[in-house]
Amino acid sequence: SYGENPVLENVNFTIMQGEFVGIIGSNGAGKSTLLKLLLGLLEPVSGSISFAEDKSKIGYVEQNAACKSNFPATAEEIVLSGLWSKIGFMRFPKKEHRDTVQKTLKVVEMQDYAKRMIGKLSGGQQQRIMIARVLVNSPRVLILDEPTNGIDLKSSEALYELLMHLNKKHGLT
């Protein structure tokens, strides 16, 4: 709840490894709140949330993440920033880090855009880069908050195809 206003009550569900799940509902229904609870960004008032998976293996792409990335950085640099915990603060990436970034860009079919400024990419392309930024750490679970918000129908369909590919070919839940 937020203050005295309950948002979610009596929620109970299980998602099995390898499943592809979408949570739908109207604005204000609590979808983003549910995701924040799952990610540990909010604490439940009551009840519990449990994972069989190590939380470090959960990747999260927040709502409108691409819009927040409109600063002078290339697509490659954005994805590389996902590895900061492995590279170290104020350290230079090693060849293995750069290779991982290139492989990940290929998975999301954005390898040809690696040197482009993020702000020069379409909304759908930016979203793929934000997904790559998370995938670079090899998560087993991927959580996206309104991944098609702000992108056109064709880009939305392509994004869903990518997500299905990641689910089927890479076993990503």
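## A right-handed helix crossing

The crossing of helices H5 and H6 is right-handed, and it belongs to a model that is predicted. Helix H5 covers residues 123-135 and helix H6 covers residues 153-170, and their axes come within 9 Å of each other while crossing at roughly 20°. That angle makes H5 roughly parallel to H6, because angles under 35 degrees count as roughly parallel.

On the H5 side, the residues that take part in the meeting are Gly124, Gln127, Arg128, Ile131 and Leu135, and on the H6 side they are Ser155, Ala158, Leu159, Leu162, Leu163 and Leu166. When the residues of this contact are sorted by character, they divide into seven nonpolar, three polar and one charged.

## The protein as a whole

The secondary structure of the protein comes to six helices and two strands. Read from the N terminus on, these elements follow the order α-β-α-α-α-α-β-α.

For a chain of 173 residues, a compact globule would have a radius of gyration near 16 Å, and the protein, with 17 Å, agrees with that expectation. Along its principal axes, the C-alpha trace spans about 50 × 35 × 35 Å. Of the 173 residues in the protein, 35% are buried. If we consider the contacts between residues at least 6 apart in sequence, 66% of them join residues at least 24 apart.

## Two buried threonines

Thr104 is found in helix H4, which covers residues 95-107, and at 9% relative accessibility this threonine counts as buried. Not counting residues up to four places away in sequence, Thr104 touches Ala132, Leu135 and Val136. One of these residues, Leu135, also appears on the H5 side of the meeting between H5 and H6.

Thr74 has its place in the loop between strand E1 (58-61) and helix H2 (75-81). Although Thr74 lies in a loop, it is buried, with a relative accessible area of 11%. Leaving aside its neighbours within four places in sequence, Thr74 is in contact with Ala114, Lys115, Arg116, Met117 and Ile118.

## Phe13 and Ile49

Phe13 lies in the segment before helix H1 (31-39), and with a relative accessible area of 38% this phenylalanine is partly exposed. Not counting residues up to four places away in sequence, Phe13 touches Leu34 and Leu38. Ile49, for its part, has its place in the loop between H1 and E1, and at 36% relative accessibility it counts as partly exposed. With the same kind of sequence neighbours left out, Ile49 touches Leu37, Leu38 and Pro44, so that Leu38 is touched by Phe13 as well as by Ile49.

How far apart in space are Phe13 and Ile49, C-alpha to C-alpha? They are 36 residues apart in sequence and 10.0 Å apart in space. For the pair Ile49 and Glu77, which are 28 residues apart along the chain, the C-alpha atoms are separated by 34 Å.

## Exposed positions

Phe92 has its place in the loop between helix H3 (84-87) and H4, and at 76% relative accessibility this phenylalanine counts as exposed. Phe92 and Met130 are 38 residues apart in sequence, and their C-alpha atoms are 21 Å apart in space.

Two further exposed residues have a backbone feature to look for in the structure. Asn10, which is found in the segment before H1, has a phi near 55°, a positive value in a residue other than glycine, and at 81% relative accessibility Asn10 counts as exposed. Glu109, which is found in the loop between H4 and H5, has a positive phi of about 60° although it is not a glycine, and with a relative accessible area of 57% Glu109 is exposed.

Key. Residues numbered from 1 in each chain as written. Predicted model: local features only at pLDDT ≥ 70, side-chain atom pairs only at ≥ 80, totals over all residues. Heavy atoms only, no water. Axes fitted to C-alpha atoms, helices over the stretch in contact; angles between N-to-C directions. Helix = DSSP H or I, 4+ residues; strand = E, 2+ residues; numbered from the N terminus. Parallel < 35°, antiparallel > 145°, perpendicular 65-115°, else oblique. Left-handed = near helix turned anticlockwise from the far one by under 90°. Contact = heavy atoms within 4.5 Å. Nonpolar A, V, L, I, M, F, W, Y, C, P; charged D, E, K, R; others polar. Buried < 20%, exposed > 50% of the residue type's maximum accessible area, 1.4 Å probe, protein only. Rg over C-alpha atoms; globule rule 2.2 N^0.38 Å.
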